[in-house]
Structure formats: C-alpha cells, structure tokens
Amino acid sequence: MQYVKDWYEFCSTKNNYNGEGTALTIGVFDGVHRGHTALLEAIKRTALRTVVVTFDKNPEELLFKHKRNRINTLRQKYNYLKSKNIDDIIVIDFSHEFSKIRGDVFIRTLIDKLNIKHLCLGQDFRCGYNLDTDIDTISGLFYNVVNIEIVEDVRYKDNKISSSLIRKEIEKGNLLLVNELLGREYCFDFYGIEPDSFEEYIVFPVEKIVQVMPPKGKYYVDITHNMCDFYPSMMRIEEKGVFFDKKNIQDTSIAEVRIKYTL
Ligand SMILES: Cc1cc2nc3c(=O)[nH]c(=O)nc-3n(C[C@H](O)[C@H](O)[C@H](O)COP(=O)(O)O)c2cc1C
Ligand SMILES: Nc1ncnc2c1ncn2[C@@H]1O[C@H](COP(=O)(O)OP(=O)(O)OP(=O)(O)O)[C@@H](O)[C@H]1O
C-alpha cells in the first residue's frame, strides 16, 4: 500500500510504472460492496498491472463533519481490496487542500504518474472540487490516451447498490439485506480499540467506534480474537456502546465481529 499524505509531493516524484501499463479504478469504496467488486473484476480482466486509488476517509466525513459513517475502517478496506488480488493500492489523505483540486487535473496527473492504459469507472463517478468532473467530461478529455470502460450499475431488485444505501439499511437493522448487498457479513473492526471492562461485560463505548451503528438490540455474531478463527456469540447494542457478556467470549481482546442478524 502506498499512502499519499502529500499530493504535491506525489505529483513531483517519478512515475514508478515506466514501461508497465496499468488498469486502474478510483473511488471511496466504503464497504467494498458488490458494485465495487464489479469494478475490481473489470480491471482484473485486463492483462495489465491492477491499481486501486482510494481515500483514507469518506469525503463527507471531512467536508460535512459526518461522524460514525464508515462501513469499513481503512484497515478492513485495504484487506478486502487485497483479497481481490489487486496489485497496488494507493490511499490518498483526503484533506481540505486535496478536495480543492480540479477533477480533470487529478485524472490527468494519475494517467501520467501511473501510466494508466485502462480506466474503469461506474456510471455516476464524479470527482474534483465541488464534483466538477463526471464520466462524460473524463471520456471527452481522455478518450484518445486511455481506454475508458464504464461499468454498468450492479443492482439489487429495484435499487443500485451503493454505500449510502448500505449505511441506511445498517441503521435500520436490516442486517440480512446489508450482508446480501455487501457480499459478506457487516463486520465491526475493534482491532486496536481498548474496551472498558466490567465484572460481567466488556464494552466498546460509542465514542471509540467510527463505523455505522445498527439499532439498539441483540445480535447473533461471529467473533475473532486473532483474525482467523471465528466462533458464534452474541452482542448487545445499547445507547452507550457495544456490550459482550464475558460468559460468551473466549478472550477480552476482540479483534473483529461479523454481525449475522438481529435476534
Ligand atoms: C481531486 C478531488 C477533489 C474532490 N473534491 C470534492 C469536493 O469538493 N466535494 C465533494 O463532495 N467531494 C469531493 N471529492 C470526492 C468525490 O466526491 C468522490 O467521492 C470521489 O471522487 C470518489 O468517487 P466516488 O464517490 O464515486 O467513489 C473530490 C475527489 C477528488 C479526487
Ligand atoms: N452498484 C454499483 N455498480 C457499479 N459501479 C458502482 C456501483 N456503486 C458504485 N460504483 C462505482 O464505484 C466507484 C466508487 O464509488 P463510491 O465509492 O462512491 O461508491 P458508492 O457506493 O456509489 O458510494 P456513495 O453511496 O457514498 O456515493 C465509482 O466509480 C462508482 O460509480
């Protein structure tokens, strides 16, 4: 993974892909849901080196100060992308300064820096300051330097699958639907979070959670302490945070919790 803290420094360094063309896609990719997977599969279908350009946070988290709006932590997003056998993952620090760059300038820079030969985007892709650049603009400007593939929307029944739809369904507690839209179970990432420990319970307080919270209630879950062995257990969500009964867990250092369904 390459982490781009300073966009201007990234622009001024040499192209690492001299001679080797890339197939690339860009996006927030929160959830790495089934729609995103279609883009990843499209770049994999080429014989080129595959690159995903993404951001370290959801733009609205920074621009509109939305809290607890992530489907994934950055750690999970990276792991999900990696599990699709993407060669390189470039994560840009989405800062106020970065958000003011024009979309055409951003795309032009990526084409030059990363030697893009094939660019896959969804139909509603937009980027740049105040979302100034859409796929028609990109196709018009760059059709003669890069092969642009617009991937059709992946839908579930009447709806286009999207991170926004999934966030809404998590908040409503429709975990079975959420898991269907994601193509995997919605998973809390508690890796590196120190829980509060009481006699009977261990509790992850809401202030420490950056992911979207399902409604209060009891949930069937699978827990892991070491990222490989998951076992079935129960979780309770309350106003104050996420509770686990010590009787039902093997260790207090919980790493990830896959949420299966509401009780
Ligand atoms: C250079 C650049 C500037 C951006 N500026 C803004 C902005 O001013 N306002 C905004 O809401 N999003 C901005 N975005 C983020 C886009 O909204 C969008 O989330 C991003 O391009 C990824 O596309 P996706 O949402 O289809 O994943 C910017 C993105 C880029 C690459
Ligand atoms: N259902 C889908 N089918 C095909 N492509 C998709 C789908 N959803 C998103 N994409 C594409 O994936 C890329 C990344 O999109 P983005 O991360 O904004 O996802 P999103 O689910 O649309 O998020 P949000 O709901 O927050 O707008 C974009 O090119 C977008 O057009």
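**Note on the pocket, its two ligands and the cavity**

1. In this predicted model, the lining of the largest pocket is made up of 20 nonpolar, 14 polar and 9 charged residues. That lining comprises 43 residues, and those lying nearest the centre of the pocket are V28, D124, F125, R126 and L131. The volume of the pocket comes to about 1200 Å³, and the elements contributing two or more residues to its lining are α2, α3, α5, β6 and α8. Among these elements, α2 provides the largest share, with 4 residues.

2. Both ligands should be read against this pocket. The space taken by ligand 1 is the largest pocket, and ligand 2 likewise sits in the largest pocket.

3. Which residues come closest to ligand 1? The shell holds 17 residues, and V28, S99, R126, N130 and L131 are the closest of them. By class, this shell divides into 12 nonpolar residues, 4 polar residues and 1 charged residue. The elements α3 (59–63), α5 (96–99) and β6 (126–127) each supply at least two residues of the shell.

4. The polar contacts of ligand 1 listed here involve backbone atoms of the protein and oxygen atoms of the ligand. For V28, a backbone N or O atom is placed 2.9 Å from an oxygen atom of ligand 1, and for R126 a backbone N or O atom is likewise 2.9 Å from an oxygen atom of ligand 1. A polar backbone atom of N130 also lies 2.9 Å from an oxygen atom of ligand 1. As for burial, ligand 1 taken alone exposes 600 Å², of which the protein buries 84%.

5. Around ligand 2 there are 22 residues, with H33, D124, I161, S163 and S164 coming nearest. The class composition of this shell is 8 nonpolar, 9 polar and 5 charged residues, to be set beside the 12 nonpolar, 4 polar and 1 charged residues around ligand 1.

6. Which part of H33, side chain or backbone, provides the polar atom that lies 2.7 Å from an oxygen atom of ligand 2? In the model it is a side-chain atom of H33, whereas G122 approaches through a backbone N or O atom, 2.9 Å from an oxygen atom of ligand 2. A backbone N or O atom of S163 is found 2.7 Å from an oxygen atom of ligand 2. On its own, ligand 2 has 600 Å² of accessible area, and the protein covers 87% of that area. Two or more residues of the shell around ligand 2 come from each of α2 (34–44), β5 (116–122) and α8 (163–172).

7. Some residues recur between these descriptions and deserve a careful look in the viewer. V28 is among the residues closest to ligand 1, among those nearest the centre of the largest pocket, and also part of the lining of the largest cavity. D124 is listed both among the residues nearest to ligand 2 and among those nearest the pocket centre, while R126 and L131 are listed both for ligand 1 and for the pocket centre.

8. Apart from the pocket, a search of the whole structure finds 1 cavity of 30 Å³ or more, and the space in the largest cavity amounts to about 60 Å³. Its lining consists of V28, D30, D56, K57, N58, R70, N72, T73, L74 and K77, which divide into 2 nonpolar, 3 polar and 5 charged residues.

Note on methods:
Residues numbered from 1 in each chain as written. Chains lettered and ligands numbered in written order. Predicted model: local features only at pLDDT ≥ 70, side-chain atom pairs only at ≥ 80, totals over all residues. Heavy atoms only, no water. Near = heavy atom within 4 Å. Polar contact = N/O pair within 3.5 Å; in protein donor to acceptor, adjacent residues only side chain to side chain. Areas by Shrake-Rupley, 256 points an atom, 1.4 Å probe, with all protein chains shown as cover. 1 Å grid on protein atoms, 1.4 Å probe; cavity = no way out; pocket = protein on both sides within 12 Å on 5 of 7 lines; lining within 4 Å. Sits in = over half its atoms within 2 Å of the grid points. Nonpolar A, V, L, I, M, F, W, Y, C, P; charged D, E, K, R; others polar. Points joined across faces, edges and corners; volume = space filled by probe spheres on them.
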